[in-house]
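Q: Can we go through the cysteines and then the aromatic rings in this one? I'll keep the questions short.
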Amino acid sequence: MKKDNKKRDLGREVNVSTKVKTDKSKTKVNGGVFIYTGAISVSELSTALNISSSEIIKYLFLKGKMITINSILDDELIGEICLEFGYDFQKKVIVEAENFEELVIDDDPSKLKERPPVVTIMGHVDHGKTTLIDAIRNSNLVDAEVGGISQEIGAYQKEINGQKITFIDTPGHEAFTAMRSRGASVTDIVVLVVAADDGVMPQTIEAIDHAKAAGVPIIVAINKIDKPGADPERVKTELMQHDVISEDYGGDVITVNISAKKKQNIEGLLEAILIVSEMAELKANPDRYAMGTVLEASLDKFEGPKATLLVQNGTLKSGDFLVVGTSYGKARRMTNEHNKVVNEATPSTPVSVIGLSEVPEAGDRFMAFKDESEAKTIATRRKQIKEAKLKSKTSALSLDDLYNRINEGNIHNINLIIKADSTGSAEAVKASLEKLTTDDIKINVIRATAGGITESDVLLAAASNAIIYGFNVRPDAHTKAKAQEEKVEIRLHRIIYALIEEIQAAMKGLLKPVMVEKTLGQAEVRKLYKVSKLGTIGGCMVIEGVIKAKSNIKVLRDGVIIYEGKLASLQREKDAVKEVKSGFECGLLIENFNDIKEGDIIEASEISEEKPDGE
């Protein structure tokens, strides 16, 4: 790739320091303008303006304010004094580089160019949001989704009349309220999908609240107009009760009748989006280092940490150094929604990026920097600050004695750490659990991130007396040993509702004997043997516990479950055996699965009945 010689401005209206902390009391007068960076004393102001302190004190005394030479002045008083004595004033905000989210950017208007609108599709489950995206993209997303409900946020671009529109498809299930809220925070326009035969429903109202909180205009897509019983006018009337008033009724909300399933009037909806976008005059400066937001992130079993980024200002180029949340890295490869490699992403463009040091969180802000050392330094600072905040949170609870503590009446908080296979799943679990909070018991999720369960999670759980929940992920042997050492409980689930029901049952003191999965042991794949008639045999070392023949197994790659099944055979030194213990080598074959790789962990387990403590 040719080196880009075009100069890109960092675009920072405020000062950013990556090495030296700025003296926030520093002031100066420049061309009759008093420039300051924070609260200052009467003495400091008199020196800067070359006015005696007594004059300032006298002026404020006559205004009814009793102050001394050492009194600290707020912004209002500083401005009032400056104007009284013939000076203009300007407060210059100093933002440290690790707080780049706080940067206030005031671009030169001549550098601003029109950008595509970012549109979020919202509405009640089954009202046709994903089918609408399907119609816009001419693809088949619904068929690929479990139960017809979106499980992750996706971002896509559509071109109409030579203009692009960026769509963010938000999940429809109520468990994913947090993801829907995140979608509204980065959007310019909300398309609210309401079924013409169903009308306004609870999640329709939630979507309206999110859109209003984000301060973005709403376009109502009245869907399923082809169905019997469709009544668009009833929908408009119901929306009026929530202060969403259509143009037909004297309001400013555009409504469009569509049938996503039959692809009726989709162009009419897209044209309405362009009209609202034109009125909003959406612009950005493409000639700066990129800034934006993480829409989705996950740990890819082949490519490592992977994040979908929405560029909101500037241009992100392949090879740029990034700080993304508390991670850093280089944009080694960028792909669009068609998995096509792209070299740059301009404002309002979503791209999938690999090359980060760790999995960021959905909703994290990102910014590009000029070199790797700067990015690494800033990311390290951000991580230290975040860890310090997390460790400062303390509480007291363990699920093992939850039943007894409820009976004793001394339960206050349940601290939880959620680890999942994607940030979307983590946020879904978090949002669902936090809804369980009652007057007596608060569910406090202190961390909800993507990736395998690590020793860092165990240490945080130990410090905050939290329980770790793994959703579609597992801890490795070292992490489990650390958890036992720190007496930290790790609970593993694959179904969100089972996890929620477990917490609910414990909160109600209704813990019953349950069938639980007990981990027997783990083996690490160290060699592969291809046998034509059998498949791929893994040459393994049992690193923990015991592996039993015919046991249930999970294949873990980087802590994430990639396959579940059963052992077809277990051998030691060419002989079939019933079990192999820790420290011994074995060969194993998995039923209906040959895609094992060196470094994979094979975890064996069995199902047994257990009674929770306190029963």
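A: Sure, definition up front: a disulfide is a pair of cysteine sulfur atoms within 2.5 Å. This is a predicted model, where local features need pLDDT of at least 70, side-chain atom pairs count only at pLDDT 80 or more, and totals for chains, interfaces and linings use all residues. Residues are numbered from 1 along each chain as its sequence is written, and side-chain values use heavy atoms, with hydrogens and water left out.
Q: Ok, how many disulfides does a search of the whole structure find?
A: Zero.
Q: What's the nearest cysteine sulfur to cysteine 540, then?
A: That of cysteine 586, 5.0 Å away, and cysteine 540 is in no disulfide.
Q: Is cysteine 540 buried or exposed?
A: Cysteine 540 is buried, at a relative accessible area of 3%. Buried is under 20%, exposed over 50%, partly exposed in between, using a 1.4 Å probe and protein chains only.
Q: And cysteine 82, buried or exposed?
A: Cysteine 82 is buried too, at 0%.
Q: Switching to rings: how many aromatic pairs are there?
A: Three. Rings of Phe, Tyr and Trp (its six-membered ring) pair if their centres lie within 6.5 Å; planes under 30 degrees apart are stacked, over 60 edge-to-face, the rest tilted.
Q: Why is the pair of phenylalanine 34 and tyrosine 36 called stacked?
A: Because their planes are at 10 degrees, with the ring centres 5.6 Å apart. Phenylalanine 34 is buried at 0% relative accessibility, and tyrosine 36 is buried at 2%.
Q: What about tyrosine 563 and phenylalanine 593?
A: That pair is stacked as well, 4.3 Å centre to centre with 10 degrees between the planes. Both tyrosine 563 and phenylalanine 593 are buried.
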